[in-house]
Amino acid sequence: MILVVAEQREGRLNRATWEAIAAAQALSAEGVPVQVVVLGGTVATTAQEIAAAGVGDVIAVEHVSLATYTPDAFTTAMRQVVDKIAPTFVLLPHTYQTRDFAPMLAARMRKSLVTDVTGINGNGAAATFIRPMFQGKLAAEVRPQGEPPFLVSVQIGAYRADAVRKGNAAAVTSMSVVIDASAIRQQPDAPFQEARQAVDLSQADRIVSVGRGIKSQDNIAIAKNLATAMGAEIAASRPICDNGWLPMERQIGSSGQTVAPKLYVALGISGAIQHLVGMKGSRTIVAINKDADAPIFEVADYGIVGDLFEVVPAIVNELEKG
Amino acid sequence: MEVDVLIVGGGPAGLSAALRLAQLQTAQGGEPLSIAVLEKAREAGAHSLSGAVLDPSALRELIPDFRERGAPIAADVHADHVYFLTEHAKFEFPIIPPPLRNHGNHIISLNQFVRWLAEQVEAHGIDFFSGFAAQDVLMEGTRILGVRTGDRGISRHGEQKPTFEPGVDITAKITIFCDGVRGNLTKELLRRLPLGADRAPQQFAVGLKELWDIPPGRVAAGTVIHTLGYPLAEEQFGGAFIYAMSDRHLSLGFVVGLDYSDPQFDPHMAFNRFKQHPFIAALLGDGQMVRYGAKALPEGGWNTIPRTYMDGGLIAGDAGGFLNSMRLKGIHLAMRTGMLAAEAAFDAIRANDTSAASLKRYQDKIDASPVRSELYPVRNVHQAFGHGLWAGLAFSGVSLLTGGWWPVELQGEAGHTRMHRLPPGRGSGAVNEPASNATSVDRRLTFDKLTNVHYSGTAHEEDQPSHLLVHTEVCSTICGPEYGHPCVRFCPANVYEIMREADGTPRLQINASNCVHCKTCDIMDPYAVITWVPPEGGGPQYNGM
């Protein structure tokens with residue numbers, strides 16, 4: 001049995017949950033069921049949303065101490081869930097929240113944790129997991145040691161949410177957990193304003209990203225027009241954010257966010273390796289650059305060698321016609 | 001926090017000092033000393049970069065059973081070669097100059113070696129605080145009280161972020177400064193006390209290094225190769241090293257004296273040109289670069305070493321300039337001076353007198369040790385290279401015959417003062433003007449700095465103030481016409497870039513998060529207006545370097 005841990009906040013399911021489910025389906029051998037657990041204060045809607053997709057039985061775990069995330073409460077609750085269900089694998093999306101509590105959960109249970117997994121070879125007990133090392137320079141193939149359950153977190157974008165095999169609507173069962181509120185050592189404040197405003201580019205389907213070739217802050221508007229016409233998020237390579245032309249939270253690359261949208265349009269980005277590591281997992285990469293030797297073309301699926309100030313308005317025109 | 005002995009810097013010197021203190025404690029008993037080591041890297045060894053060929057003399061004394069304890073030695077040296085390179089050819093020196101004979105030495109990764117040394121230290125229960133950089137020296141008059149660590153959680157605009165944590169004061173009876181080449185605290189001590197008043201100015205070089213995986217069968221493990229000549233001009237100090245850690249793993253580096261005169265010269269391009277030499281290109285062909293790094297090294301020798309003892313303070317290792325530039329070795333001297341500093345500190349604390357007069361015993365120990373017998377005879381050699389390669393080589397030869405005797409002490413000068421101004425009208429042309437020694441970059445054999453930086457594993461929190469302080473803004477005014485913005489070229493990590501304002505005025509952009517902590521800018525800037533201070537965490541990740 002494979003247990004997937006869904007992530008939700010205030011009733012909104014994190015898209016990465018579907019990616020973890022897709023990974024679970026890749027991992028599950030013939031006939032091995034997948035179950036999904038969702039934790040929170042009230043999780044009826046998210047549990048129904050997952051159940052409707054028919055990927056497996058859904059376990060709703062509701063507790064007043066889970067309404068606001070704390071690593072102590074989630075670890076306590078997850079430990080009880082895992083003990084009761086006794087899965088072979090516990091799959092989690094490699095989100096900030098998972099990074100926060102999964103190591104503690106694994107340590108409490110004295111079980112192996114394989115983090116940031118980008119691929120799975122084989123299935124069932126014989127499965128091995130691929131995970132990056134040295135900032136993605138190397139990929140290691142690892143097999144968790146010891147007794148199951150094994151905990152595995154799945155890198156954002158490594159599996160496709162739309163590749164989840166759906167079936168007939170499944171059942172939601174609720175499970176109760178015991179959490180001693182006085183044993184929770186963290187008292188979270190309200191989320192910072194920064195965090196509330198921060199864009200999570202990893203959730204975007206389409207991204208238009210600008211680099212030094214945009215030349216001036218005024219020209220950012222050209223890229224924003226394209227983003228609006230495409231329904232895309234705007235992002236940038238490092239120099240743009242360094243100049244303050246776009247906020248730092250929109251920076252893609254080794255010192256910014258790592259993204260894997262369906263479509264990534266790189267405008268005037270030369271493709272320094274620091275940028276490439278943050279976006280090379282994108283499904284389709286389109287690069288527009290004046291310099292035909294720019295390294296961005298080595299990873300691009302479609303390349304346009306040309307002046308972005310001519311090309312981009314032309315694309316916007318066509319899109320607006322449609 | 002209060003300790004008996006505070007060691008600033010967890011490199012070979014600092015860790016050897018810590019280990020020696022623990023050993024003295026065990027051997028002599030008495031009231032146990034509290035010892036702490038501060039290290040700016042998040043893990044021991046992450047910022048340690050060297051060739052490296054280790055002379056095991058100090059290690060053998062510190063840890064006699066180092067092999068049994070699993071010291072990470074890549075290979076024992078079994079062959080030395082020295083070549084003089086011209087643009088297309090190489091000429092092997094028929095005899096290996098004695099200082100470059102490495103029989104009995106070991107090829108190591110300094111990163112792994114330091115990590116192992118830290119394990120030995122921690123096994124003695126010594127507190128090793130990694131990820132903490134000392135920002136300021138705490139002083140009262142001429143007495144060292146300890147250090148203050150840097151604040152954390154300051155935004156790039158200088159405001160406190162929600163994660164703000166103020167720095168911590170750590171006081172100690174004795175502080176041993178092992179903050180490495182051009183250490184930020186030692187630099188401060190030199191200025192305030194002044195410890196270098198009657199000494200010759202320190203002279204530096206910068207070393208750039210790559211690790212390569214190559215197809216087997218080209219060079220045997222344990223081979224040590226040094227080259228002189230191409231691509232450097234006769235008047236430039238420097239050369240290259242190639243150490244075969246195994247028959248598939250090469251440590252390859254290029255050292256350039258930070259006293260070159262052409263402001264448009266770029267040490268990183270010299271390294272690229274070196275790799276394009278047919279001899280080197282053949283060695284590396286079909287191989288893969290897997291790691292990159294850069295670090296300055298103190299080359300000046302004995303006459304440039306400052307006073308290393310003060311009230312409540314000692315200086316050891318590269319911070320003090322303990323490096324033998326003729327043998328291209330400093331790790332054993334760092335270890336040895338760390339050990340001697342530990343012995344001096346231990347005795348001074350037991351004698352309940354940590355004044356400079358009491359700590360002078362450190363200098364006496366150095367004078368009676370192999371440190372002096374190794375460095376004193378070659379004290380003028382590096383300065384002789386200031387007159388060019390042939391003068392330097394000739395002087396080294398004479399030095400060997402006379403045991404270092406020479407009628408006068410040769411005077412060196414701080415390297416940045418040797419940089420020539422550009423002829424009128426030549427500077428400030430294009431943005432980020434190419435170097436005078438520019439060569440092609442194919443991203444297979446040769447690399448641009450940005451790609452190389454990626455392979456240094458360097459990462460910093462982006463939202464913090466720049467840790468490279470430019471005290472006087474010269475970029476938009478005099479630097480362009482006078483030197484053509486040499487920072488963009490001497491920095492091996494693309495930290496400095498010159499952008500143009502709409503009206504064409506040059507503006508300096510500091511990509512501080514690229515910094516590999518090599519200190520070149522702090523040393524080589526011709527106006528001496530750049531100061532390197534420790535950032536909030538981060539830095540390179542020199543695994544295997």
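**Exercise 1. Locate A:Pro149 in this predicted model and describe the peptide bond that precedes this residue.**

Solution. Begin with the position: A:Pro149 sits in the loop between β10 (138-142) and β11 of chain A. Then take the backbone, where the bond joining A:Pro148 and A:Pro149 is cis, with omega about 5°. For comparison, most peptide bonds are trans, and most residues other than glycine have a negative phi. Chain B offers another case, since the peptide bond from B:Gly51 to B:Ala52 is cis with omega near 0°, and B:Ala52 belongs to the loop between β2 (35-39) and β3 (53-54) of chain B.

**Exercise 2. For A:Asp116 and B:Arg443, state the sign of phi, the place of each residue, and whether each is buried, partly exposed or exposed.**

Solution. Consider A:Asp116 to start with: its phi is positive, about 60°, although the residue is not a glycine, and it lies in strand β7 of chain A. As 20 or more C-beta neighbours would be needed for a buried residue, the 19 inside 10 Å make A:Asp116 partly exposed. Turn next to B:Arg443, likewise not a glycine, whose phi is positive and near 60°; this residue is found in the loop between α11 (389-402) and α12 (449-454) of chain B. An exposed residue has 12 or fewer such neighbours, so B:Arg443, with 13 other C-beta atoms within 10 Å, is also partly exposed.

**Exercise 3. Reconstruct the sheet of chain A from its strand order, and place the helices α1 and α2 on it.**

Solution. The order of the 7 strands is β7-β11-β6-β1-β4-β5-β12, in an open sheet with parallel pairing. The edges are β7 (113-117) and β12 of chain A, each of which pairs on one side only, and the twist from one strand to the next averages 25°. At the β12(A) edge, 4 bridges join that strand to β5(A), in parallel, and one of the bridge partners is A:Val172 of β12(A), matched with A:Val58. Helix α1 (residues 16-27) of chain A packs on the sheet by touching β1, β4, β6 (89-93) and β11 (150-154) of chain A, and its direction makes about 150° with that of β6(A). Helix α2(A), in turn, lies across β1, β4, β5 and β12 of chain A and runs at about 170° to β5(A).

**Exercise 4. Which residues of α2 (residues 44-52) of chain A are buried, and why do they lie on the same side of the helix?**

Solution. The buried residues are A:Thr46, A:Ala47, A:Ile50 and A:Ala51. Because they cover an arc of only 135° around the axis, they fall on the same side of α2(A). The general background is that an α-helix has 3.6 residues a turn, so residues three or four places apart point the same way. The cover over these buried residues includes β1 (2-6), β4 (34-40), β5 (58-62) and β12 (172-175) of chain A, as well as β2 (8-9) and β3 (12-13). After α2(A) comes A:Gly54, with a positive phi near 65°.

**Exercise 5. How is chain A divided into domains, and how many residues does each domain bring to the contact?**

Solution. The division gives domain 1 (2-188) and domain 2 (196-321), with 32 Å between their centres, taken over C-alpha atoms. The contact draws 5 residues from domain 1 of chain A and 7 residues from domain 2 of chain A. On the domain 1 side, these residues divide into 1 nonpolar, 3 polar and 1 charged.

Methods: Residues numbered from 1 in each chain as written. Chains lettered and ligands numbered in written order. Predicted model: local features only at pLDDT ≥ 70, side-chain atom pairs only at ≥ 80, totals over all residues. Helix = DSSP H or I, 4+ residues; strand = E, 2+ residues; numbered from the N terminus. Arc of directions from axis to C-beta. Contact = placed C-beta atoms within 7 Å. Domains from an automatic or database assignment. Nonpolar A, V, L, I, M, F, W, Y, C, P; charged D, E, K, R; others polar. Pairing = 2+ DSSP bridges. Axes fitted to C-alpha atoms, helices over the stretch in contact; angles between N-to-C directions.
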